[in-house]
Each structure stands twice: as structure tokens, then as C-alpha cells.
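Work through the exercises below with the sequence and the 3D structure at hand. Try each task before reading its solution.

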Amino acid sequence: MIQVSNLTLRFGKKALFEEVNLKFTEGNCYGIIGANGAGKSTFLKILSGELESTAGDVILTPGERISVLEQDHFKYDDNTVLDTVMMGNARLYEIMKEKNLIYAKEDFSDADGIRASELETEFAAMNGWEAESDAASLLNGLSIELDMHTKKMSELSGSEKVKVLLARALFGNPDILLLDEPTNHLDLDAIRWLKEFLINFNNTVIVVSHDRYFLNKVCTQTVDIDYAKMQLYAGNYDFWYESSQLMIRQMKEANKKKEDKIKELQEFIQRFSANASKSKQATSRKRALEKIELDNLRPSSRKYPYVDFKPDREIGNEVLTVTNLSKTIDGVKVLDKVSFIAGREDKIAFVGSFPIAATTLFQMTTGEMEPDEGDYKWGVTVSHSYFPKDNTKDFDCSDTIVDWLMPYSPEKDPTYVRGFLGRMLFSGDDGLKRVNVLSGGEKVRVMLSKMMMLGSNALILDEPTNHLDMESITSVNNGMIKCPGVVFFTSQDHQFIQTIANRIIEFTPNGMIDKITSYDDYLDNDEMARKRQALS
């Protein structure tokens, strides 16, 4: 068990969190969530002892061991892979080193024998004889093959180092496991392996992740950081999201009923306060009015943009026919005789380890690039809009956001556009910002605003989740699920793909695979597909 009591962290006058009281118990996996900058990673650093709090205590059950996923990928470059993993249990590794030094002595004394015996007893109690095989098993599970175990960490690629550091954190059955963004840069097989490991892990896990799919699979509890407080909820991320939205709706409904009651009482008082026969009733209603207090609604500090794609016209049966499209770029065959027909109910995710293929296809079907061979044909009822992966040229001007959006607006009125922008989290004078100075996330929200204004019935989106926080991703995710039109898209967000797509097209080195299926079913039925993809 690990517990925090009246935990407070301040930077100057600002409190990142204040008087937090939480208990993390054995057998549970806790997902730490909150808006960017809320203090999620900082909280893990306080729990691990890396950072000191301003006030309050972190209370750990005596004798229990905390293990942390290291973020410094170069820290162990001089160590072998296997040693790096076993160093995750510092005490066990110290015993191993001391034992080896004693046994290597030429003048082995009686005192050395006694010390060696003590170390062997402790070593056995810690399952030391299984240490190397346990470490190797973790590495193998994360696809670090046996011939790499004796290599120096400096010889590994960045993604391989991430896996070794993860194995290091998991090694030795720690009592409390602290993981900050553990799925970053892992391939799908490694993520699946980690998910199963954590589901079967019997001790305490506290994890920070922006991967909603991962949080939903492994977490039994959710800790929400908001307004410098931490609130514990039972259930995973989706349960937290749905229950938090439900609570806000219920509070609003309760307040609406109270407001209606207040209005009724006020009208009664106004009508009858001057009437002598009704004065007693008016007085009693006035007292009742004074007792009614509206709940102080405090919605989450998170901001969810309003994303809702409403086509101006219904799409027909003929949507898009692609026939033998081919394209070579810089000597590389990007597309090779690609053919498919899209139907009116299709929401197609283009996946795979060769993302330039989908980007090229999107650019050709939107007229931004000419094919070397083949052709494509849109149906006569189709109106399409395109969200490019690289929007640099779209924003290479000094227009304000309002001016930039005006040509796409159904109403040529700056007030209408600013109102629209308000729902996309551009409040007040934000609409007067120059588009060439916007952040990545702001540009994405402007592009999405353009697409919604156009009212197209076929959406083409190339990595729309890049640069977005979890709240914006959730909004875009929900908007695309509800979209009644056809959708073609790519994404690195597993839940995004799983919840939207009803058809998967993967570009592989051996050609195109096209299946009517969900993403999870596609991966479950094709081991090689999992190996071909790496979501970050």
C-alpha cells in the first residue's frame, strides 16, 4: 500500500495540487488523468521520492519496493541489456555483485565465507537463482531477442531501449509500480504483452498515459486531477468520462428544477403579496424561496471542443471508385495498382507501417497530386473535404482565423464565424490571431472548423489526432462516430480506429489488404499485422 496524506505542491503562489488524501491498494491499477500541465508526471515523481512536496506525506508500507519506468534512455548505455533489467531490483543486483567479488578473491577468508553465506540466504529468499531467467523472459515478451541480451545498451535503437527500460521497471515483482507513458514508441505486440502483464499483476500499479485504449484495458480505478485536487473514481477512463458527464447533466437538471421552483415562488409572491387574504401564503413561500440554494456547479476545467460533422446533403450509393492507382516518389513505389470501391456506409481506416501510401492516396483523390497510372472517380452526390497531415502551406499567410475561415462559412458574417470558433475553444479575441503563429493543436481545431463549415458528406482525415490533447481527441472521436457520412482516415490512436472504423485497409510491402472488420478483430486474426504496426 502507498498513501498520500495532505499532499501539497506549490510553485510560488500557484498550487499544482493541494491537500490530497489518497490510498493506493494492492491488486489495483490506477490511471492518473488530467489536463495538460495538471501535474500527472509530477505526482509520480513525488510518489517515487524524486521530487519533494511542499507539504504532506507519502506513506509507504515498511519493506515494500517501488519500481519506476526510467525516462532517460542513455542512463545505462555502459551496461548490458540483461544487467540493466536486473538492476531494476537494486538490492538483488547489489547482492549479486558482492557475491561475485567475494568468490573471485584468491585469499578467501572465514569472514568472507560467513558473509557469502548471509548473502546466499538473502539471495535465495529473493528468488535470485531465477533472476536471469526472469529478466530474459520479460525481454522476450517485449520482443528483445536472446542475442541482444548481452549487448550494451548503447548498441540498441531508441525503441529497443524503451522496451528494456520497461522490462527493468517490471523486474522482480515490485510492490508498487509507477509507469509514466509506458506505451510510447512500443509496437502493438509489445503493448498487448504489457496489457496482459498488468492485468495479471497482483500488486499496485499507478500509471500516467494519453492512450485511452490502454487505460480502459488495464485500469480498475481512475484518479482525476482537477482544480488542484485529486478525485478517485472506480472504473477505467471511459467509465470516468461517462460518469463525469452524467454528474454534470444531473446537477444541471437539478438546478433547472430549482430554478423553476424559484420562478414559481417569485411569481406567487409578486401576485399575492399585496392581497391580505393571501399574505400568509406569500410569506411562507418567501421563506421557502430563501431556503432554496442552487448547487455551485463547477464543471471540469478541461475544455472539450464541439465537433459535429453535419453533411448538407445525403450521400448516394456511388461514393469512390479507385482503379489501379500507382505512384512512385523519389524512386520508391509508394502505390502499386491500388484498387477498391468505397460504399455509402464505409468508415475506412488506412493503417500500416508505410503511412506515406495513405497520404499519397489522399492527395491524389483530392486532386493535390497526379497518379502515374490508374484513375479514381467520385460519385455525383459526393462532396469531400480534406484534412492534410501537413498543413504548413494552408497556414502560410498572415490572415486572422476569422478571415481565413470566412470563405468556407455558410454565413459570410464575422460574428457567426467567431461564435463557431467559440465552440472550438477560441474565445474572445482569439479569432483575431494570425494563423501563421498558431500552435499545432490550434491549427488542427481551425482545420476541423473548416471541415464542419463545408458540410461535406465524405471526410478525408490524415492523422487528425496529432497535436491534440485527450479532451480534443475525445471530441473528434465522438464527432466522427456520429458522422452520418463516409469517412477515410489514418490515426495513431488505437481507440480512435477501433471505435470509428468498420473497414480496414492496410498497405503492406506485399500489397494492399482490404477487410470489412473492426480494428481489434483485424489484429486478433493476423499476427503479422500486429508486427507491421507500431502506434506511438
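**Exercise 1.** Is Cys483 buried or exposed?

Solution. The model is a predicted one. Step 1: the relative accessible area of Cys483 is 4%. Step 2: buried means under 20%. Cys483 is therefore buried.

Now take Cys397 and classify it by its relative accessibility. Its value is 23%. Partly exposed covers the range between under 20% and over 50%, so Cys397 counts as partly exposed.

How many disulfides does a search of the whole structure find? The search finds zero. As background, a disulfide is a covalent bond between the sulfur atoms of two cysteines.

**Exercise 2.** Describe the surroundings of strand β16.

Solution. Step 1: β16 covers residues 486-490. Step 2: five of its five residues are buried, so the strand is largely enclosed by the rest of the structure. Step 3: Val486, Phe488 and Thr490 point one way, whereas Val487 and Phe489 point the other way. Step 4: look for the strands joined to β16. Strand β12 (residues 347-351) runs parallel to β16 and is joined to it by three bridges; here Ala349 has Phe489 as its bridge partner. Strand β15 (residues 458-462) also runs parallel to β16, with five bridges between them, and Leu459 stands opposite Val487.

**Exercise 3.** Determine how helices α6 and α7 are arranged.

Solution. Two packed helices are described by the angle between their axes and the distance between the axes. Step 1: the axes of α6 (residues 158-170) and α7 come within 13 Å and cross at roughly 5°. Step 2: angles under 35 degrees count as roughly parallel, so α6 is roughly parallel to α7. Step 3: α6 contributes Lys163, Leu166 and Leu170 to the contact, and α7 contributes Ala190, Trp193, Leu194 and Phe197. Step 4: sorted by type, these contact residues are six nonpolar, no polar and one charged.

**Exercise 4.** Place Asn202 and Asn216 in the structure and classify each as buried or exposed.

Solution. Step 1: Asn202 sits in the loop between α7 (188-199) and β7 (204-208). With a relative accessible area of 61%, Asn202 is exposed. Leaving aside neighbours within four places in sequence, Asn202 is in contact with Glu26 and Gly27. Asn202 and Gly27 are 175 residues apart in sequence, yet their C-alpha atoms are 4.7 Å apart in space.

Step 2: Asn216 belongs to helix α8 (residues 212-218). Its relative accessible area is 15%, so Asn216 is buried. Not counting residues up to four places away in sequence, Asn216 touches Asn236, Tyr237, Asp238 and Gln495.

Methods. Residues numbered from 1 in each chain as written. Predicted model: local features only at pLDDT ≥ 70, side-chain atom pairs only at ≥ 80, totals over all residues. Heavy atoms only, no water. Helix = DSSP H or I, 4+ residues; strand = E, 2+ residues; numbered from the N terminus. Buried < 20%, exposed > 50% of the residue type's maximum accessible area, 1.4 Å probe, protein only. Contact = heavy atoms within 4.5 Å. Axes fitted to C-alpha atoms, helices over the stretch in contact; angles between N-to-C directions. Parallel < 35°, antiparallel > 145°, perpendicular 65-115°, else oblique. Nonpolar A, V, L, I, M, F, W, Y, C, P; charged D, E, K, R; others polar. Disulfide = S-S within 2.5 Å. Pairing = 2+ DSSP bridges.
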